[in-house]
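Biologist: I should like to learn how the features of a structural model are read. May we work through one case together?

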Amino acid sequence: MEIITSLKDFKKLSNSVITVGNYDGIHKGHHDVLSYIVEEGKKRNIPSCLITFDPNPFYVLSDKPDSINLQSLDEKLETLKEIGLDIVLIIPFDKEFSLMSAQMFADTVLKDLFNPTLISVGTNHYFGHKKEGDFEFLKVFCSDNNIELHTPVMREHKGSTISSSLIRSLILDGNSSKVYDYLGRFYGFNATVVSGSNRGKTMNYPTANFIPTFKNQLLPSTGVYLTRVFLDGECYFGMMNAGVRPTFNEKKFVMEVHILSDKFGNLYDKNFYIEFLDKIRDEKKFESKELLIKQIEKDKEVCIELIDTFKEKYEI
């Protein structure tokens, strides 16, 4: 897969099949479109291409953007490579580029650089300044330039159209166990261990505090989770707390994970990948450390019971 990271470095193609979008998370619906593009490229013996943007335009166009990414750019590119795309153009998205009109983008980028025989985008797709390039605009553009416009069937699950926005809402609402059906995998990210209070050791539940390696990664909602940790080629189930630790009157959001395995050493000075399988309860304040420890013991029992369920259902 060829990756080009600026418009000026892109060499014009004689023809192509193409799709355009952020493709954050690359969920099941994204897979449908991208797989179709790859298949059509092979049938026509021409390159299958994607135009995407970095950073997500949300961070440039929003006044106070929160972290919303389901994937880092590196993770997204790895997934695109696995799907089999030939060419990915990553356009650096900034204020200046955001002012480009839809007509200018269609003429100078889509037509001049890619000369597509087919474009595949959903009916809710738009591009260009002030979202001028909606689906109706694209229909006219494709008709005028003899380009086939493919509209993928929107993948649904239980009556809801699969989208990155819906998946973000599920994560933020603590519905981790439902994410798999939409994303096609459990939500997770690469993490870096950071120093913590070391309080877990004194409670016989040593934990490792961690942060995402990607600064714009969407964080889970507060609460206690069953997780999986991937480290050095091994996989471990874990119990994770995300929140402000109200029992100790703290305010800073912290994520910390306890590995549910006697065979495991520690996570200190390690980087790992963590998946959020299920949220088992909300964060709450306890009247004493002793009461908190009793609750953690109950949480551990719940997690251990859930492990067998997840192993059977998802063959993990």
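Modeller: Let us begin with the largest pocket, to whose lining α1 contributes the largest share, 4 residues. Please bear in mind that the model is predicted.

Biologist: How is empty space of this kind located in general, and how much space lies in the largest pocket?

Modeller: Rolling a probe the size of a water molecule over the atoms shows where empty space is left. In this case the largest pocket holds about 1,300 Å³ of space. Its lining consists of 44 residues, and those nearest the centre of the pocket are Gly21, Asn22, Asn124, His125 and Tyr126.

Biologist: Which elements each supply at least two residues of that lining?

Modeller: They are β2, α1, α2, α4 (95-98) and α7 (164-172). By residue class, the lining of the largest pocket divides into 19 nonpolar, 19 polar and 6 charged residues.

Biologist: Let us turn to the sheets. What is the order of the strands in the open sheet?

Modeller: The open sheet has 6 strands, in the order β1-β4-β3-β2-β5-β6, and their pairing is parallel. At its edges are β1 (2-4) and β6, each of which pairs on one side only. From one strand to the next, the twist averages 20°. Within this sheet, β2 and β3 are paired in the parallel sense over 4 bridges, and Thr19 has Leu50 in β3 as its bridge partner. Helix α1 lies across β2, β3, β5 (116-120) and β6, at about 170° to β2.

Biologist: What may be said of Leu149, which is placed in strand β6?

Modeller: Leu149 counts as partly exposed because its relative accessibility is 23%. The C-alpha atoms of Leu149 and Ser120 are 6.0 Å apart in space, although the two residues are 29 apart in sequence. Setting aside neighbours within four places in sequence, Leu149 is in contact with Ile119, Val121, Phe135, Leu138, Lys139 and Cys142.

Biologist: Which strands close into a barrel?

Modeller: The barrel is closed by 6 strands in the order β9-β10-β13-β12-β11-β14, with antiparallel pairing. Its neighbouring strands are turned by 45° against each other on average, direction ignored. As one of the pairings, strand β10 (residues 208-212) is joined to strand β13 (residues 254-259) by 3 bridges; Phe210 has Met255 in β13 as its bridge partner. Helix α8 (residues 176-183) lies across β11 and β14 (271-281), and runs at about 115° to β14.

Biologist: Finally, how should one read the backbone angles?

Modeller: Most residues other than glycine have a negative phi, and most peptide bonds are trans. Here, Tyr23 has a positive phi of about 50° although it is not a glycine. Asp232, likewise a residue other than glycine, has a positive phi near 50°.

Biologist: Where are these two residues placed, and is each buried or exposed?

Modeller: Tyr23 is in the loop between β2 (16-20) and α1 (28-44). Its relative accessibility is 7%, so Tyr23 counts as buried. Asp232 is in the loop between β11 (223-231) and β12 (234-243). Asp232 counts as exposed because its relative accessibility is 61%.

Biologist: Which residues does a cis peptide bond join?

Modeller: The cis peptide bond joins Asp54 and Pro55, with omega about 0°. Pro55 lies in the loop between β3 (48-54) and α2 (57-61).

Technical notes: Residues numbered from 1 in each chain as written. Predicted model: local features only at pLDDT ≥ 70, side-chain atom pairs only at ≥ 80, totals over all residues. Heavy atoms only, no water. Buried < 20%, exposed > 50% of the residue type's maximum accessible area, 1.4 Å probe, protein only. 1 Å grid on protein atoms, 1.4 Å probe; cavity = no way out; pocket = protein on both sides within 12 Å on 5 of 7 lines; lining within 4 Å. Points joined across faces, edges and corners; volume = space filled by probe spheres on them. Nonpolar A, V, L, I, M, F, W, Y, C, P; charged D, E, K, R; others polar. Pairing = 2+ DSSP bridges. Axes fitted to C-alpha atoms, helices over the stretch in contact; angles between N-to-C directions. Contact = heavy atoms within 4.5 Å.
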